[in-house]
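Here is my note on the model, written to be read beside the sequence and the coordinates. I have kept to the sheet in one chain and the contact between two chains.

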Amino acid sequence: MSHRVIKSTTVQRRADPHLRTLLVMSGAIAVAMLVAILMILSVGVPVSEALAAFADGAWGSPYAIGASINRSLVFALVGIGFVLANRARLTNVGGEGQIAIGGIAATAMSLYGGCEELPYGLAYIVPILCAALAGGIWGAIPGWLKARLGTNEVISTLLLSFIAVWLLYWCVQSVSLLRQPMTSGGTLPESLTIPDTTQLPLLWSDSGLGIHLGLAITLVLGIVVAVIIQRTRFGFSLRAVGYNPQAARRAGMAITWTMVAALAIAGALGGIAGAIMLQGDQYSLKAGFSSGYGFDGLVVGLLARNSITGVFVAALLFGFMRSGGINMEMVAQVPAALVLVVQAIVILTLAGSAIWLSRKGVKV
Amino acid sequence: MADHQDMPVPALSLQGIDKFFGAFQALSNITLDLLPGEVHCLLGENGAGKSTLCNVIFGVHQPDSGVMFRAGQPYQPLKPHDALTAGIAMVHQHFSLVDNASVLDNLLLGQSQGWINYGQQQQRIKETLQGLGLNLDLQVKVSALSVGERQRVEIVKCLLRNPSVLILDEPTAVLLPAEISALLSVCARVANQGCAVVLVTHKLAEIQRIASRATVLQNGRVVTASTQPAREIDRLVRAMIDRPGQTNVTAPVVGDPQARRYTLSEEVLQLDGVTVRDALGVTRLDNCTMVVNRGEIVAIAGVEGNGQSELGAVLAGMLPVSDGQIYVAGKEVTGASPQQITRSGVGIVPEDRHAVGCITEMSLTENLLLNHMHHYSRYGFLQRRKMRDRAQALITRFDIRAAGIDVPFGGLSGGNQQKAVLARELTLESLVLLVAAQPTRGLDVGAVAAVYRHIQDARDRGVGILLISSELDEVLAVADRVVVFYRGKIMGTSLCGQHDRTAIGAWMAGQAA
């Protein structure tokens, strides 16, 4: 009997994707920067001034760096969830809504759930867990609809996202829900500030960075999801169900459960992102709380091309860009719209070069 | 038939074509001429390189070395579009039709730009159809057509481009006998019109009937060619399955039915009045009552579409029964999930390998262990080393040829894919019953023999086998009992050694004996 089993071919492929992801990203950013400079020139703002403002806002001070990283965490959590669901060929575009639901749950628990007095950090852990649960349920619904009724999850996660965002709006408008008591006509439509004990503790609090515990939580969750995807039977089922649900069912895998679980985990990560935003950063729930971060997280997940490392890299990039962009708008009077355009260019060049590289990879 | 005496300019000439996939050489120094007006049969086992060769000609793959000439001009297709422009058309093994669109729209797909003059196009199509003596309803949706009719649409779609080379990749694998006959007539007519027809096939009867020339591939090389294949069938078959260094050639069907021990022992499968009605209320399986014992092969024969697929799906747990009970080794499994059925010791080789039997995007290892995963994980974590060892053992034992244990399953040839599915199902823990539906479909002679060898080994170990097959000759040679289905009903049962072909034929046609 003859066997042509060659072992070496598979080993070579392994190291490739991460390196390539990095290459793609740095190349694309360079191009995007160039375009951005041209655009800044075209609105008549001195480039040096605009870039100085950008750099200042992104990494100009310990506080700026901390703020950028804190922002990245939200993108990363949503992106990690996106990558996990994408293993089962499920596209979770509901990050925005899952953030909102997580924010609502965390606010409710922090303010009215009796968490304030809990010992050992449970005061801030319990609201996070509740946010994960709420986001998980919000994600599980489209999973169930997809598995049982064949509803397209892109549509259902997106629509549920709108519902969640408006639910949040309602919560902060209505005194019987989460709005702070109306003491005067000028009371803003937002919740009370959550108690100190429910706020996430700062890491390296003397450094002035302002980075909160969310960093550790995000890193741990990222590693956990990477392990789930690559090393567990559940990760195996995710891929099998994604590629060929019929064959997966015949092989004894539970299609419904796998789909529901995939989107529920993605939703839970979105919920945690909402909790971290609230408890680490904003401390009160306001209208527009999710600020489009869910969609940025979705793009982070897309750009990461199924790699958790890629998610972290892309999330950091987006975090710093957002911070720098905000400052550029405030200090250098570069119009807000321009910041968005530049962001869009980054996304397009990244995605475009990724496709270009992968095509090239096939031929080489 | 065209006259080849004074060798016309080849419609297509291949010279020294090599093709590598990674370290694996799929084609090696292929030199081949296709002449106008001939039907050129391409033979070979699964994995011999037939499909790769077709894909190189059609521009799907580019050769690593060697040259091609199209009517004397250099021909270097970079994509199928180049091949089509050069007058080379191909009908793939798997159809590429838009189910929801009409036959007419499918035929016009990719052929017209800008405005479509339906009247004019329809006229042109009708003329083509007439020239071939074919009949197709242009307005009906493709989803309403039978497999044979769909294939006719594919062929007409190609012929509308007036190709001078037409490649048919295993076109008869999915057809009923009558449809095969019609297809071969079409091939002959197309060839008569001066087109070079390449027919990839395994079926010797087809070569006998239609081939002007034949070329046999093995391991990516041309091993022999014949200019009068009808007279040299024996030599061609030997060339296909002979392996240098391997003297013991197995015939497609092994074993002497008389010499077999035939023991009636315990029942491993019992169907009791099983009835299936589909969504439209049509009865697909009608009150089937039958038994499979330990250590016997029971075959379900019949013309395709008479309930065999439904029976396979019901036993796999993929289709609920409307009525009746199913017992495996005495335990009821009516309405059980696929997982419960696997746990009760039933191996399933599904009829549609790609849709149900495997996940082509995943690796060979992962496919080999697809339904055993609970043995290869601890606390939910995969045990990679254990998986690798197991896969390696199965690959050796079942002689699966692949470029590595982690190659994508879709890259394996049909025969090796089927061997892998068999390997997985036959090595289930506490296997008592194997349901094999069309296990040899689309496989070459060598792979067919291997499949039956494994099935018979399992039978000899005491596993009950339910073989669902439309290949009557194979069925008669291997089965201990043959049960004939007609419109979902059991028409009759024929015992080994007492097979009466006339009676079986009558049952298959729906006449009670």
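The numbered points below begin with conventions and then take up the sheet and the interface.

1. This is a predicted model, in which local features need pLDDT of at least 70 and side-chain atom pairs count only at pLDDT 80 or more, whereas totals for chains, interfaces and linings use all residues. Residues are numbered from 1 along each chain as its sequence is written, with chains lettered from A and ligands numbered from 1 in the order in which they are written.

2. In chain B, six strands (DSSP runs of E, at least two residues, numbered from the N terminus) make up an open sheet of mixed pairing, ordered β6-β7-β8-β3-β9-β10; two strands pair if DSSP finds at least two bridges between them. Because β6 (88-91) and β10 (221-226) of chain B each have a single partner strand, they stand at the edges, with one side of each left without a neighbour in the sheet. From one strand to the next, the twist averages 20°, where axes are lines fitted to C-alpha atoms, for helices over the stretch in contact, and angles run from 0 to 180 degrees between N-to-C directions.

3. Within this sheet, β7 (residues 165-169) and β8 (residues 196-200) of chain B are parallel partners joined over five bridges, and B:Leu166 is found opposite B:Val197 in β8(B).

4. Helix α1 (residues 50-57) of chain B (helices being DSSP runs of H or I, at least four residues) packs on the sheet, where it touches β3 (39-44), β6, β7, β8 and β9 (213-218) of chain B, and its direction makes about 150° with that of β7(B).

5. Between the chains, 23 residues of chain A are in contact with 33 residues of chain B, contact requiring C-beta atoms, placed from the backbone, to lie within 7 Å. On the side of chain A that touches chain B, α9(A) gives the most, with six residues.

How values were computed:
Two residues are in contact if their C-beta atoms, placed from the backbone, lie within 7 Å.
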